Amino acid sequence: MVNWIGLTIPLVYLGVLIGSLATLSSLYRKRKAAKSASLEPWFGPHLQRDIYLSLLHLEPEPGKDKAPAVPDGVLKAALLQRATEDIKRILEVRNSKQALSNLLQRGSVGDDLWQRFLRAEKEIEAELRDVVQEANALQPDWGQTIFQSANEMHHNAILRDKLNAIQTQGKADRQWWDHEKASIQSKFMKELDEGEKESTKPTATSGTDKFGSDEDAVVVDGGGPAAASGTSNTPKGGTKKRKGKK
């Protein structure tokens, strides 16, 4: 005969064990969800999405029963701006995922940052599905090409920003060069003026040279009698020698 009393104790033990494990698992998931919800979002507020939703769900003005109709062109432009912002966030998530994963494996970042990133990734996926549904609602099959158009708009905006930065830097460089050119010209003209002044200035050595020449003339004149006497003697001796030869 089966001993039901002996089997009841293990069954009760298994039931209590499974129930406690299920309770702990449920509490852990709730606590984890609450913790992830309390974390700071990875991205800031989605302004373009808020603008589109506010245009889509306009409230009637006071005293009127119906809200003003928004043209489809305005809604499409707002949805394109929303998709362009989503493209920016997608690129940021893709570029950050590998680096953040490596940092998490090394222990350089905490698990809270990784949870924030995973939640942002899920929000982006939900946002993309929502944009595709809204695009198909505005125009059939537009959801297949809306992100391609948004990507082109994003790249055009990047090129426009780079071009504006280059033009601004070019203006600054032009002003710097004009300033340097003016300073170089002023220095060069100043050097030319100083050189002309030095060339037209009378030299102090001209008077001394004149005085020195006069002294030389006096010395030559003073040595004249001695030279005359010497010369007067030499011709006589010279004549005598010449007579003796004869």
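**A tour from P41 to helix α5**

Begin by selecting P41 in this predicted model, and look for its partners beyond the neighbours within four places in sequence: P41 is in contact with R116 and R119. As you zoom out a little, you will see that P41 sits in the loop that joins α1 (4-38) to α2 (47-56). Its relative accessibility is 43%, so P41 counts as partly exposed. Now add L113 to the selection, and draw a distance between the two C-alpha atoms: P41 and L113 are 72 residues apart along the chain, and these atoms are separated by 9.9 Å.

Next, select D141, which belongs to the loop between α4 (111-138) and α5. Is D141 buried or exposed? With a relative accessibility of 55%, D141 counts as exposed, because the cut-off for that class is over 50%. Its backbone also deserves a look, since most residues other than glycine have a negative phi. D141 is not a glycine, and yet its phi is positive, at about 65 degrees.

For the last stop, show helix α3 (residues 72-106) together with helix α5 (residues 146-200), whose axes come within 8 Å and cross at roughly 75 degrees. Angles of 65 to 115 degrees count as roughly perpendicular, so α3 is described that way relative to α5. To see where the two helices meet, colour the residues on each side: among those in α3 are L79, L80, I87 and L91, while those in α5 include I146, F147, M153 and H154. Sorted by class, this contact of α3 with α5 has nine nonpolar, five polar and two charged residues.

Methods: Residues are numbered from 1 along each chain as its sequence is written. This is a predicted model: local features need pLDDT of at least 70, side-chain atom pairs count only at pLDDT 80 or more; totals for chains, interfaces and linings use all residues. Side-chain values use heavy atoms; hydrogens and water are left out. Axes are lines fitted to C-alpha atoms, for helices over the stretch in contact, and angles run from 0 to 180 degrees between N-to-C directions. Helices (H or I, at least four residues) and strands (E, at least two) are DSSP runs, numbered from the N terminus. Angles under 35 degrees count as roughly parallel, over 145 as roughly antiparallel, 65 to 115 as roughly perpendicular and the rest as oblique. Contact means heavy atoms within 4.5 Å. Ala, Val, Leu, Ile, Met, Phe, Trp, Tyr, Cys and Pro count as nonpolar, Asp, Glu, Lys and Arg as charged, and the others, Gly among them, as polar. Buried means under 20% relative accessible area, exposed over 50%, partly exposed in between (1.4 Å probe, protein chains only).
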